[in-house]
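Dear colleague,

Please find below the structure I wished to pass on to you, together with its sequence. My notes on the ligand site and on the empty spaces follow it.

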Amino acid sequence: MADLNQTPERIIAPVPRITIQAFCETQDTAAVIEAAAGDRRMQKTHVKVQMGGGAAAVEAYRHAPTPNVIVIETQGAKSRPIECLDALADVCDPGTKVIVIGHVNDVLLYRQFIQRGVSEYLMAPIEPIALIQAVSDLFSSPGAKPIGRTIAVVGAKGGVGASTLAHNLAWTIAREQDTATVIADLDIAFGTASLNFNQDPPQGIAEAVFSPERLDANLLDRLLSKCSDNLTLLAAPATLDRTIDLSEQALDTVIDLLRSAVPCIVLDVPHVWTAWSKRLLVSADEILIVSAPELASLRNTKNMLSVLQQTRPNDHRARVVLNGVGMAKRPEISAAEFAKALDTPITASLPFDANLFGTAANNGQMIAEVQAGAKATDIFSTIAATLIGRPETRRARPNLLEPLLARLQRRKAS
Ligand SMILES: Nc1ncnc2c1ncn2[C@@H]1O[C@H](COP(=O)(O)OP(=O)(O)O)[C@@H](O)[C@H]1O
Ligand SMILES: [Mg+2]
């Protein structure tokens, strides 16, 4: 069953292409900064960690230009932080921001830091994520739109229903979570999103991936096609006129643009293990691994979970969804055994239903459109609520009062 205990965290915008230099006084803080530097959100950032605290910083910048961010650790008055900051003020390039990591909770000292233009004061010991958050906040302009959440859906093997889940989930989020959503079909040669949404878009993801230098918000807008209120599709051409050999960074631009334009992006990731697909998973805010209740899926899921945990040490684990459970006559590994073997809870188990899923696929419809009361429909609602974090809105049943209430609220707000 879906576990609702994991609430979505605040999305931390990836840190841009900046340089950060840290001057630490303790090995612990140096290790935390190194760990932060390896985080997915700092992929583009250049971080250098050295020892020596404020005094070393003053020395370093006497003749060298200052980076975008200087991090200074100070253990207290004996490291003379104020004197160091004053000396730094003379040599700092305008625009350089200073973060202080301190060991004392002293309001007077804090005030003196702020008066000297220190951007952020963090109390040691800090977690890598706190530093990432602080740096990220420094570089997202005030009032900037919050960055979109990416949800990557990938199969533990081919044909387990990953795309089906991705499409139904995106549709459900758009409808029930009142969240503008893009479903991006990344299975460029064989993707089924346009079939499942009964769309025939003239272009799509291929344009974005094969000519990234032309890609901007305007072009992206033209590549998207509208599926329903709140839901747009970035379709795969599903033609074979060219082979798909993408570079590791091939999707960076399109994902960045999508994140700045829409609050929720569901990525239908094909079952491949390439540099770009791995990068996409590692950098996603949420990962759903769709698995069949059998041995090969179990092994692959275990391997995927472990790689993702190593590469995303500051994130919660990928979620596992079992699909096609209860197929007649098929021996199955139970959800409980699966969870035990993976040492991770199963987020949801979707029943096998050849008639329902087959009808939806052949008609180009979502499961809820074929059968609103189906168990799968409820599960998509629960997963959508878990990921977006508004469990109370659940399944929006047709309600005649709703448009009226919305209008009243809008009138009250204006
Ligand atoms: N729970 C289910 N019961 C029955 N058929 C399903 C179920 N989930 C998916 N399918 C069907 O399985 C096929 C493969 O699904 P798809 O989503 O394309 O898999 P993948 O993206 O993992 O390769 C589709 O025909 C789909 O309709
Ligand atoms: Mg697929």
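**Ligand site, pockets and cavities**

By class, the shell around ligand 1 comprises 7 nonpolar, 6 polar and 1 charged residues. Please bear in mind that this is a predicted model.

Of the 14 residues around ligand 1, those that come nearest are Gly159, Ala162, Ser163, Thr164 and Asn323. Three elements, α6 (162-176), β12 (319-325) and α14 (354-363), each contribute at least two residues to this shell.

Polar groups of the protein approach oxygen atoms of the ligand at several points. A polar backbone atom of Gly159 lies 2.8 Å from an oxygen atom of ligand 1, and a polar backbone atom of Val160 is 3.1 Å from an oxygen atom of ligand 1. Ser163 takes part through its side chain, a polar atom of which is 2.8 Å from an oxygen atom of the ligand. Taken alone, ligand 1 exposes 570 Å², and 73% of that is buried by the protein.

As to the pockets, the space taken by ligand 1 ranks as the second largest. The largest pocket holds about 720 Å³ of space. Its lining consists of 25 residues, and the closest to its centre are Ala13, Lys145, Pro146, Ile147 and Gly148. Two elements, α5 (128-139) and α10 (252-261), give two or more residues to the lining of this pocket. In terms of class, the lining of the largest pocket divides into 12 nonpolar, 5 polar and 8 charged residues.

I turn next to the enclosed spaces. The count comes to 3 cavities of 30 Å³ or more. For the largest cavity, the volume is about 310 Å³. It is lined by 19 residues, and Pro14, Gln43, Ile255, Asp256 and Ser283 lie nearest its centre. The elements that give two or more residues to this lining are α10 and α11 (275-282). Of the elements, α10 gives the most to the lining of the largest cavity, with 4 residues. The classes here are 8 nonpolar, 3 polar and 8 charged residues.

One element may merit your attention when you open the model: α10 gives two or more residues to the lining of the largest pocket, and α10 also gives 4 residues to the lining of the largest cavity.

With kind regards

How values were computed:
Residues numbered from 1 in each chain as written. Chains lettered and ligands numbered in written order. Predicted model: local features only at pLDDT ≥ 70, side-chain atom pairs only at ≥ 80, totals over all residues. Heavy atoms only, no water. Near = heavy atom within 4 Å. Polar contact = N/O pair within 3.5 Å; in protein donor to acceptor, adjacent residues only side chain to side chain. Areas by Shrake-Rupley, 256 points an atom, 1.4 Å probe, with all protein chains shown as cover. 1 Å grid on protein atoms, 1.4 Å probe; cavity = no way out; pocket = protein on both sides within 12 Å on 5 of 7 lines; lining within 4 Å. Sits in = over half its atoms within 2 Å of the grid points. Nonpolar A, V, L, I, M, F, W, Y, C, P; charged D, E, K, R; others polar. Points joined across faces, edges and corners; volume = space filled by probe spheres on them.
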